[in-house]
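User: I am new to reading protein models. Could you take me through this one and show how each label is earned?

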Amino acid sequence: PLHTLRAAEKELLPGFHQFEWQPALKNVSTSCNVGIINGLSGWASSVDDSPADTITRRFRYDIALVSALKDVEEDIMEGLRECGMEDSACTSGFSVMIKECCDGMGDVNEKHGGGPVVPEKAVRFSSTIMSVSVLADDEEEVTIFTEPKPNSELSCKPLCLMFVDESDHETLTAVLGPIVAERNAMKESRLILSMGGLPRSFRFHFRGTGYDEKMVREMEGLEASGSTYICTLCDSSRAEASQSMVLHSITRSHDENLERYEIWRTNPFSESADELRDRVKGVSAKPFMETQPTLDALHCDIGNATEFYKIFQDEIGEVYKKVNPSREERRSWRAALDKQLRKKMKLKPVMRMNGNYARRLMTLEAVEAVCELVPSEERREALTELMRLYLQMKPVWRATCPAKECPDQLCRYSFNSQRFADLLSSTFKYRYNGKITNYLHKTLAHVPEIIERDGSIGAWASEGNESANKLFRRFRKMNARQSKAFELEDV
């Protein structure tokens, strides 16, 4: 019956469970039972603001987290039992690791909707509970819950939906402002929530890793991705990165970016614009939200596939012999490549490289198909070798838990990336003379260090958020539908 269904639904929506914060959250109202709120609540609107009430909807951050924790309540209790910790003894010392994702989506206009006029772009911000651990009696942390599918849209809980263009920095930061404020308030406090019938206290740790490079640069105040400072993890310039491809360590951090922004703003040494820019390594806006410097596995895949696609093109045209080929020549090589890939791999040419195309392109079959068009035997060997090395490296940053899933590749990663870099700087140096793409640099230089620090790259990627974008489109009824059968469906 309907009322039971309603009651069940209420429990699943944020805003149902009672909880409290100690000390109380600063700047956040004390009521627990808040459902979906206007995303701009927490902003004082001025007289001349356009009516912004259609722009964004969100849950209050702490309430969304409480709801997500209650979702995994059984798993947490199960975990406590498995670790032999008497659950009545364990009421404090829980810490919860949260992955945050945020991603822009283009083109979300309704196919035939009559809603309010909003921008055709949307941004979704979501969070995932990655793990819950508890302090044991001997003061060591024991993990009692780990999200088994960190990249599924099921574990990726939406927090805020905005009709904003992700490139519109001002609006984006205004809308995310309240979320940042709540997140900062939660870092200073503990949540008291009943779990398994007893009140327990939780601390939250937030890691913003589910951002693509564009979003990271925007949030951290770095120049856009075409900048000479190519990396969001280290200070290397494009030229330096193409000279020494492998040896770099992670140096950037949110706090350092803030310091650098202050230097940029005040120019304490009265330097010229160029000297100043070199001093702050391309930080020229105020960092807005703390992100965790990592590598986004999904876009890394796509970026590198795009790069390989271009190498294939160049090899078909034997660019290594020529000086600078004309537009027409390049076009003919591209046509030949597309035709071959369509024939042998059933790959339709795509406008922008997407994840699925990238996965199919980065295989030995694809290289074999391309090699049929490459005249020289040694170039064919070099191409195959390049792909072999890449396929050895890829599982390391795609796996949810590389130490378990591909220990051998993990051990060999540094060696493989060194070989890969040697190949690029010798055989393919026509492409890498003083330039290298951002993701290729990260793939070669930073992967082992990130894995050593976090244990995984794939688990912290933005896939969950990306796949939930599909659901968002579905709920907006964006699929131009052919039949009237869906008209009545309840979103």
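Analyst: Gladly! One definition to start with: contact means heavy atoms within 4.5 Å. Please keep in mind that this is a predicted model.

User: What covers the buried residues of α15?

Analyst: The cover includes α9, α13 (377–398), α16 (438–445) and α17 (447–454). The buried residues of α15 are Gln-409, Tyr-413, Asn-416, Ser-417, Phe-420, Ala-421, Leu-423 and Leu-424. An α-helix has 3.6 residues a turn, so residues three or four places apart point the same way.

User: How do you know what reach to expect for α15, and where does α15 bend?

Analyst: The expected span is 1.5 Å times one less than the number of residues. With 20 residues, α15 is expected to span 28 Å, and its first and last C-alpha are 29 Å apart, close to that value. The bend in α15 is at Tyr-413 and amounts to about 55 degrees.

User: Why is the pair of Phe-308 and Phe-420 called tilted?

Analyst: A pair of aromatic rings is described by the distance of the centres and the angle of the planes. Centres within 6.5 Å make a pair, while planes under 30 degrees apart are stacked and those over 60 are edge-to-face, with the rest tilted. For Phe-308 and Phe-420 the centres are 6.3 Å apart and the planes are at 45 degrees, so this pair is tilted. Phe-308 belongs to helix α9 (residues 297–316) and Phe-420 to helix α15 (residues 407–426), so the pair ties together parts 112 residues apart in sequence. Both Phe-308 and Phe-420 are buried.

User: What makes the pair of Tyr-61 and Phe-125 edge-to-face?

Analyst: The structure holds 11 aromatic pairs. In the one formed by Tyr-61 and Phe-125, the angle between the planes is 85 degrees and the centres are 6.4 Å apart. The cut-off for edge-to-face is over 60 degrees, so the label fits. This pair links distant parts of the chain, with Tyr-61 in helix α2 (residues 61–71) and Phe-125 in strand β5 (residues 122–135), 64 residues apart. Tyr-61 and Phe-125 are both buried. They also belong to a cluster that ring pairs form together with Trp-21, Phe-204 and Phe-206.

User: Which charged ends sit over a ring?

Analyst: The charged end of Arg-207 sits over Trp-460, 4.2 Å from the centre of the ring. The charged end of Arg-379 does so over Tyr-320, at 3.7 Å from the ring centre.

User: Is Thr-443 buried or exposed, and how do you know?

Analyst: Buried means under 20% relative accessible area, and exposed means over 50%. Thr-443 has 1%, so Thr-443 is buried. Thr-443 is in helix α16, and its side chain reaches the backbone oxygen of Tyr-439 at 2.6 Å. Leaving out residues up to four places away in sequence, Thr-443 touches Leu-295, Cys-300, Asn-304, Met-393, Trp-397 and Tyr-413.

User: And which label does Lys-70 earn?

Analyst: Lys-70 has 17% relative accessibility, and that is under 20%, so Lys-70 counts as buried. This lysine is in helix α2. Apart from neighbours within four places in sequence, Lys-70 is in contact with His-17, Leu-193, Ser-194 and Met-195.

User: Why is Asp-165 called partly exposed?

Analyst: Its relative accessibility is 26%, in between the cut-offs of 20% and 50%, so Asp-165 counts as partly exposed. Asp-165 is in the loop between β7 (157–162) and α4 (169–187).

User: What sets the backbone of Ser-270 and Lys-346 apart from that of most residues?

Analyst: Most residues other than glycine have a negative phi. Ser-270, which is not a glycine, has a positive phi near 45 degrees, and Lys-346, also not a glycine, has a positive phi of about 55 degrees. Ser-270 is in the loop between α7 (254–266) and α8 (273–280), and Lys-346 is in the loop between α10 (327–345) and α11 (355–361). Ser-270 is at 66% relative accessibility and Lys-346 at 67%. The cut-off for exposed is over 50%, so Ser-270 and Lys-346 both count as exposed.

User: Where is there a cis peptide bond?

Analyst: A cis bond joins Gln-22 and Pro-23, with omega at about -15 degrees. Pro-23 is in the loop between β1 (19–22) and β2 (37–38). For background, most peptide bonds are trans.

Note on methods: Residues numbered from 1 in each chain as written. Predicted model: local features only at pLDDT ≥ 70, side-chain atom pairs only at ≥ 80, totals over all residues. Heavy atoms only, no water. Phe/Tyr/Trp six-rings, centres within 6.5 Å; stacked < 30°, edge-to-face > 60°. Helix = DSSP H or I, 4+ residues; strand = E, 2+ residues; numbered from the N terminus. Buried < 20%, exposed > 50% of the residue type's maximum accessible area, 1.4 Å probe, protein only. Lys NZ or Arg CZ within 6 Å of the ring centre and 35° of its normal. Bend = angle between axes of the 7 residues up to and from the residue. Polar contact = N/O pair within 3.5 Å; in protein donor to acceptor, adjacent residues only side chain to side chain.
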